[in-house]
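Colleague: I would like to learn how to read packing in a model like this one. Can we take it feature by feature?

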Amino acid sequence: MNAPVAEKKPRLTTSAMIASIASEGQRVKAAPFGKALVEYAANRPEVVGLTADLAKYTDLHLFGQAYPERFHQMGMAEQLLMATAGGMAKEGLVPFATTYAVFGTRRAYDFIHQVIAEENLNVKICCALPGLTTGYGPSHQATEDLAMMRAVPGLTVVDPCDALDIEQAVPQIAEHKGPVYMRLLRGNVPLVLDEYDYRFELGKAKLLRDGADVLIIASGFMTMRALEVANALAADRVDVSVLHCPTIKPLDEATIVQAVRARPRLVVVAENHSVIGGLGKAVAGTLLRHRVQPAGFQLAGLPDAFLDAGALPTLHERYGISTAALSQRIKGWLG
């Protein structure tokens, strides 16, 4: 008698590590960072790419395929990655160093601070898995990277929203003279900002839509969430304005102050980062220094805690940064 054949389980096609933040049916573009860097570097032999054993997972493998002689695999040694990038910059090259945000910041912080930033070297640090974009728990969730990088003197800090933002940011951070830390969305990245007549400008915030009741100031993919919230709350006759701040440092204080002063309304800062030390605290400090008092002020970021592991939609809902959760939070704040 033949033994029963075990039923095959469906093969998983994703994981907590590589899951996309795009919702089902959303427009996406594949590997915008890798493709933009390949295009920019075509006639610029000084541009080089380095990674710490994560080329495929930061989309830098496309650069390696296009320019193998300019691609450097440093192994799982993030401190060496940053030190080498600094040395190359001293020789006139423009290094793009990629890894995961937790490794690039926590493990290599002293090297970024002392080797790169103190000497104002022309290194571009581009780090994937920022904030809560992986379900693998605190070992891979870089929920404090903006706070760490904002504190480094002379370091420009960028948190792009979508594929368009990344594509347009790559050449601008490359041409900026000095060190840059950019959060990186990789793989199939949502595409939303092309619907808002938007162009990335380093150091500039952009008002994407105006509204009388709430002003959401956001960065990273939380700008996408803010736009979704604005559409959702319109059904409840709540008029939401969205100000996108892709450059965290230097912060576009003039545009923020102007937007808050425009009319009395609730101001909500939405970010994929701990409420400690990120965009929210930067905006709060700006308003205080400029003596601007909004009708209300709330932080819609991640809690000051080590977050759970799990599926991204579940975690985003749990920590209040999904579209539905953020909508409910805002309605509660409005009373």
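**Helices, sheets and one buried residue**

Modeller: This model is predicted. Start with a single residue: Ala 169 sits in helix H7.

Colleague: Is Ala 169 buried or exposed?

Modeller: Buried means under 20% relative accessible area. Ala 169 has 0% relative accessibility, so Ala 169 counts as buried.

Colleague: Which residues does Ala 169 touch, leaving out those up to four places away in sequence?

Modeller: Ala 169 touches Met 182 and Phe 200. As for Leu 312, that residue is 143 residues from Ala 169 along the chain, and their C-alpha atoms are 26 Å apart.

Colleague: Stay with H7. At what angle do the axes of helix H1 and H7 cross?

Modeller: The axes of H1 (residues 32–41) and H7 (residues 163–175) cross at roughly 40° and come within 9 Å. H1 and H7 are therefore oblique to each other. The crossing of H1 and H7 is right-handed.

Colleague: Which residues make that contact between H1 and H7?

Modeller: H1 supplies Pro 32, Phe 33, Ala 36, Leu 37 and Tyr 40. From H7 come Ala 163, Ile 166, Glu 167, Val 170, Pro 171, Ala 174 and Glu 175. Sorted by type, the residues of the H1 and H7 contact are 10 nonpolar, no polar and two charged.

Colleague: Now a second helix pair. How do H9 and H10 lie to each other?

Modeller: Take the angle, then name its class. The axes of H9 and helix H10 (residues 279–289) cross at roughly 75° and come within 10 Å. Angles of 65 to 115 degrees count as roughly perpendicular. That makes H9 roughly perpendicular to H10. H9 brings Glu 253, Ile 256, Val 257 and Val 260 to the contact, and H10 brings Val 283, Thr 286, Leu 287 and Arg 289. The residues of this H9 and H10 contact are five nonpolar, one polar and two charged.

Colleague: On to sheets. What is the order of the five strands in their open sheet?

Modeller: Read a sheet by order, pairing and edges. Here the order is S9-S11-S10-S13-S14, with mixed pairing. The edge strands are S9 (206–209) and S14 (296–302), each pairing on one side only. Ignoring direction, neighbouring strands of this sheet are turned by 25° against each other on average.

Colleague: How many bridges join S9 to S11?

Modeller: Three bridges join S9 to S11 (residues 240–244), and the two strands run antiparallel. Arg 209 stands opposite Val 242 in S11.

Colleague: Which strands does helix H9 lie across?

Modeller: H9 (residues 253–261) lies across S10 (214–218), S11 and S13 (266–274), and runs at about 165° to S10. Helix H12 (residues 323–334) also packs on the sheet. H12 touches S10, S13 and S14, and its direction makes about 155° with that of S14.

Colleague: And the seven strands: what is the order in their open sheet?

Modeller: The order is S3-S2-S4-S5-S7-S6-S12, and the pairing is mixed. S3 (71–73) and S12 (247–249) are the edge strands, pairing on one side only. The twist averages 20° from one strand to the next.

Colleague: How do S2 and S4 run, parallel or antiparallel?

Modeller: S2 (residues 47–51) and S4 (residues 94–100) run parallel, joined by five bridges. Thr 51 stands opposite Thr 98 in S4. Helix H3 (residues 78–90) lies across S2, S3, S4 and S5 (124–128), running at about 170° to S4.

Methods:
Residues numbered from 1 in each chain as written. Predicted model: local features only at pLDDT ≥ 70, side-chain atom pairs only at ≥ 80, totals over all residues. Heavy atoms only, no water. Axes fitted to C-alpha atoms, helices over the stretch in contact; angles between N-to-C directions. Helix = DSSP H or I, 4+ residues; strand = E, 2+ residues; numbered from the N terminus. Parallel < 35°, antiparallel > 145°, perpendicular 65-115°, else oblique. Left-handed = near helix turned anticlockwise from the far one by under 90°. Contact = heavy atoms within 4.5 Å. Nonpolar A, V, L, I, M, F, W, Y, C, P; charged D, E, K, R; others polar. Buried < 20%, exposed > 50% of the residue type's maximum accessible area, 1.4 Å probe, protein only. Pairing = 2+ DSSP bridges.
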